[in-house]
Amino acid sequence: MTETNISALDMRGKNLRINSDRLWDSLMDMAKIGPGVAGGNNRQTLTDEDAEGRRVFQQWCEAEGMTMGLDKLGNMFAHRDGTDPTLPPVMIGSHLDTQPTGGKYDGVLGVLAGLEIIRTLNDTGIKTKHPIEVVNWTNEEGARFSPPMMSSSVFAGMYSTEWVYDREDADGKTVGDELARIGWLGDEDVGARKMAAFFELHIEQGPILEDENIDVGVVTHGQGLKWLQVTLTGKSSHTGSTPMKNRVNAGLGMARITQLVDEIAWSHAPLAVGAVGHCDVYPNSRNIIPGKVVFTIDFRHPTQEVIDDMEQRFRKGAQVIIDEIGLTMEIEQVGQFDPVTFDEGCVSAVRRAAERLGYAHRDIVSGAGHDACLINRVAPTAMVMCPCVDGLSHNEAEEISKEWAAAGTDVLFHAVLETAGIVDD
């Protein structure tokens with residue numbers, strides 16, 4: 001047997017496609033598990049619905065002759081043998097858990113696209129030199145247990161398994177206890193598996209691809225982020241009887257800082273974003289001037305230098321604002337992810353695949369966090385994106401087309417085959 005090179009893959013490329021109808025049927029079947037109230041899904045991590053989705057995924061994988069591995073955080077690794085058992089696998093995956101009011105495609109597409117690739121390999125009798133594994137990462141969303149990308153973060157060495165076991169949901173239930181309760185607590189150490197490369201297909205969760213009529217996004221970078229929590233303290237007083245010149249209005253400070261954050265993000269267009277998110281106003285009464293506000297700021301950009309610049313300009317500008325009003329200010333950093341540059345070799349494989357198959361494609365930066373962003377720390381990694389209607393995600397109205405799903409999966413398929421190596425008898 002000899003490894004098929006890229007030129008040979010080019011020659012057979014247009015005929016090497018997944019079964020789009022079968023992929024779509026799998027997506028619709030998985031969506032029946034943990035249905036939402038408005039057409040989407042509520043299959044939060046480590047719930048009974050999550051357990052059922054995992055069980056069905058395992059059954060589908062085993063029907064294709066794959067063996068299932070399970071680690072101590074419930075990460076699932078469905079394994080298809082390669083012709084050289086000494087080589088590490090090429091992994092494909094994402095997550096099956098959803099937001100409380102999530103869509104049918106966020107994460108799920110990446111897992112079931114991996115399964116469809118295996119099904120197509122079995123249909124065509126194609127063997128690969130490297131093994132291929134399809135991964136379902138536990139708790140990517142972080143909706144029930146914080147932080148998001150929880151298990152891929154442990155796999156990448158950012159947290160310990162024991163620390164994650166103690167994370168609690170709103171009802172005080174822990175990750176460790178819930179993993180055991182639903183029966184998906186494995187015995188393999190998290191991060192013990194080696195991989196040759198990791199590929200993740202995901203919906204864009206933004207409007208760029210649809211707006212530009214692009215079939216496939218070749219993800220080159222993932223945005224870094226800085227989360228800051230700001231506390232402004234002024235003086236509460238009666239709205240009706242306090243003259244304007246005597247007010248120390250913390251709410252006014254937040255309003256002006258909100259504008260400042262927007263201006264700073266625009267100054268680094270088009271890749272930078274920034275906004276004030278969560279806010280609490282005290283005493284939150286209609287006839288009392290706010291004496292205290294607590295709010296969060298989210299800055300994102302694919303380069304650390306820009307993130308640092310945005311933070312420095314924010315701190316300087318906010319100080320001017322609060323001095324003018326007479327407020328005091330405290331700033332606490334409450335979150336940070338470093339920017340991600342995906343592996344040049346894996347990204348090139350994705351780009352070549354899109355060109356080989358004739359799909360319109362463009363480079364794109366992921367504005368959201370994904371498991372691939374963490375796995376990139378420990379293995380060569382790349383992402384493929386497909387459009388979603390109006391860029392809407394984390395919403396039950398999230399929607400994609402069968403054609404978009406197929407295009408993204410075809411590109412994923414070819415990138416994986418190039419990396420894993422086709423062998424001919």
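## The loop after β17

Asp390 lies in the loop that connects β17 to α13 (402-420). The model described here is predicted. With a relative accessibility of 62%, Asp390 is classed as exposed, because this value is over the 50% cut-off. Once neighbours within four places in sequence are set aside, the contacts of Asp390 are Pro207 and Glu210. Pro207 is 183 residues away from Asp390 along the chain, yet the C-alpha atoms of the two residues are separated by 5.5 Å.

## Strand β17 and its partners

The strand that precedes this loop, β17, spans residues 381-386, and 6 of its 6 residues are buried. In a regular strand, side chains point alternately to one face of the sheet and to the other. In β17, Thr381, Met383 and Met385 belong to one side, while Ala382, Val384 and Cys386 belong to the other. The residues on both sides are buried, and both faces of the strand are thus covered.

Two strands that pair with β17 are β7 and β8. Strand β7 (residues 197-203) runs parallel to β17 and is joined to it by 6 bridges. Within this pairing, Phe199 is placed opposite Ala382 of β17. Strand β8 (residues 216-222) runs antiparallel to β17, with 3 bridges between them. Here Val219 is the residue that stands opposite Met383 of β17.

## Helix α13

Beyond the loop that holds Asp390 comes α13 (402-420). This helix has 19 residues, and its first and last C-alpha atoms are 26 Å apart, close to the 27 Å expected at 1.5 Å a residue. α13 is mostly covered, with 16 of its 19 residues buried. Gly421, just after the helix, adopts a positive phi of about 85°.

## The annotated domain and helix α9

An unreviewed UniProt entry assigns residues 223-316 to "domain: Peptidase M20 dimerisation". Over this range the chain is 32% helix and 36% strand, and the C-alpha atoms at its two ends are 23 Å apart.

Helix α9 covers residues 250-266. Its 17 residues extend 25 Å from first C-alpha to last, close to the expected 24 Å at 1.5 Å a residue. The buried residues of α9 are Ala250, Gly253, Met254, Ile257, Leu260, Val261, Ile264 and Ala265. Viewed down the helix axis, the buried residues of α9 fall within an arc of 130°, and therefore they line one face of the helix. These buried residues pack against the strands β9 (224-233), β11 (273-282) and β13 (292-301), and also against helix α10 (304-325). At the start of α9, a side-chain oxygen of Asn249 comes to within 2.8 Å of the backbone nitrogen of Gly251.

## The surroundings of Gln99

Gln99 is located in the loop between β4 (90-94) and α4 (108-124). Its relative accessibility is 16%, so Gln99 counts as buried, the cut-off being under 20%. This loop residue thereby contrasts with Asp390, which is exposed at 62%.

The side chain of Gln99 forms a polar contact of 2.9 Å with the side chain of Glu141. Apart from neighbours within four places in sequence, Gln99 is in contact with Asn41, Asn42, Arg43 and Gln44, as well as with Glu141, Ala143 and His394.

Methods
Residues numbered from 1 in each chain as written. Predicted model: local features only at pLDDT ≥ 70, side-chain atom pairs only at ≥ 80, totals over all residues. Heavy atoms only, no water. UniProt positions renumbered as here; feature names shortened; annotations may be inferred. Helix = DSSP H or I, 4+ residues; strand = E, 2+ residues; numbered from the N terminus. Buried < 20%, exposed > 50% of the residue type's maximum accessible area, 1.4 Å probe, protein only. Polar contact = N/O pair within 3.5 Å; in protein donor to acceptor, adjacent residues only side chain to side chain. Contact = heavy atoms within 4.5 Å. Pairing = 2+ DSSP bridges. Expected span 1.5 Å × (residues − 1). Arc of directions from axis to C-beta.
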